[in-house]
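Hello,

Here is the structure we talked about. Please open it first, then read my notes below.

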Number of protein chains: 2
Amino acid sequence: MDYSNLLKSAKLKATIQRVTLLEIIDHDGHSSIDDIYTVTKESMPTLSLATIYKNILLLLEKGILEEVAISGKKSKYEIKKSDHIHLICQTCGSVEDKHLDKKIEESIDIYIDEDSFHISKSHINLYGICKKCNEQETLIYF
Amino acid sequence: MDYSNLLKSAKLKATIQRVTLLEIIDHDGHSSIDDIYTVTKESMPTLSLATIYKNILLLLEKGILEEVAISGKKSKYEIKKSDHIHLICQTCGSVEDKHLDKKIEESIDIYIDEDSFHISKSHINLYGICKKCNEQETLIYF
DNA sequence: CTGACTGCAAACGTTTTGCACGGTA
DNA sequence: TACCGTGCAAAACGTTTGCAGTCAG
């Protein structure tokens, strides 16, 4: 993805800070403010928290980023794409994307009466234990 | 619901503050910290924010309350019940519960492989515009 | 070259903590 | 009565803001 043009198309200047921020989020998939700050500390030690906050807010307003609100944890941010499912591991905190199956979408649409509630976006977050953590948990007993 | 016994069964003392807190959340359906503080200011002016925070945390740990993390807004808290859908109005901020239809649950279960991710709870949040706000928006044009 | 953006530091709001007092069991 | 829980004030934390200097277009 060309982050520079993505920013310019939103009438924002393509600064190194912004491109770096988008690179990190896109690479990680889902990043919290702290995640971003920790990573940038290495490659760009001068980048300030204030700049991260300002840009996250700006990119949310422009619809380039989307906030993933997570129960019991800090929010994470992702590049905005079509609605999808989040598998959130309660052990390691990882977030995995899962394509939103048409059948699920349909069954929700049929169930929610469009006259009484007009849906603009669906956030489906499934909390549980991911494969990796589940295997590690099992190992303890051996 | 008998909040006093609910608390006692969790080995917590049934103080007036805790019972009041549960009453408010149960009555409103979904309350933020501020919501609770504002309401209690009238009936119980001495109740402190610190007490609200301490108890929310405690009741979450005990599994009596559940956090509803909302994108772009402060979290709300609800009495823990079986998984259900939240219809979140982006205009007025109201949250409405909707029973989680078996068909939706099934289509998710079939879609997510239990071997690779073990689901413990589903948070389905649908963001949009509620009936009331939608009607009011239409009225502007007359 | 100019307006937009960054980075610092200070301000602000929210949440947590420690401790003396008060209330429940 | 014993101990858990409350309320106050202070501390800690996360986020926002103002401003001078810097950079992208």
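Which element gives the most to the surface near DNA strand C? H4(A) does, with four residues. Near means that a heavy atom of the residue lies within 4 Å of the strand. Helices (H or I, at least four residues) and strands (E, at least two) are DSSP runs, numbered from the N terminus.

Some ground rules. This is a predicted model, where local features need pLDDT of at least 70 and side-chain atom pairs count only at pLDDT 80 or more, while totals for chains, interfaces and linings use all residues. Residues are numbered from 1 along each chain as its sequence is written, chains are lettered from A and ligands numbered from 1 in the order in which they are written, and side-chain values use heavy atoms, with hydrogens and water left out.

The DNA surface

DNA strand C is surrounded by 20 residues. The closest are A:Thr15, A:Arg18, A:Lys54, B:Lys13 and B:Tyr53. Three helices each supply at least two residues: H2 (16-28) and H4 (49-61) of chain A, and H4 (49-61) of chain B.

By type, the surface has seven nonpolar, six polar and seven charged residues. Here Ala, Val, Leu, Ile, Met, Phe, Trp, Tyr, Cys and Pro count as nonpolar; Asp, Glu, Lys and Arg count as charged; the others, Gly among them, are polar.

Now the DNA side. Of the strand C atoms within 4 Å of the protein, 69% belong to sugar or phosphate, and the rest to bases.

Polar contacts here are pairs of N or O atoms within 3.5 Å. The side chain of A:Thr51 places an N or O atom 3.1 Å from a phosphate oxygen of strand C. For A:Asn55, the side-chain distance to a phosphate oxygen is 3.3 Å. For A:Thr46, it is 3.4 Å.

Chain A overall

Chain A has six helices and five strands. Their order along the sequence is α-α-α-α-β-β-β-β-α-β-α. The C-alpha atoms fill a box of roughly 55 × 45 × 25 Å along the principal axes. Of the 142 residues, 44% are buried (under 20% relative accessible area, 1.4 Å probe, protein chains only).

One loop residue

A:Gly63 sits in the loop between H4 and strand E1 (65-68) of chain A. Why does A:Gly63 count as partly exposed? Because its relative accessibility is 30%, and partly exposed runs between the buried limit of 20% and the exposed limit of 50%. From A:Gly63 to A:Asp113 is 50 residues in sequence and 27 Å in space, C-alpha to C-alpha.

Best wishes

Key
A polar contact is a pair of N or O atoms within 3.5 Å; within protein, one must be able to donate a hydrogen and the other to accept it, and residues adjacent in sequence count only if both atoms are side-chain atoms.
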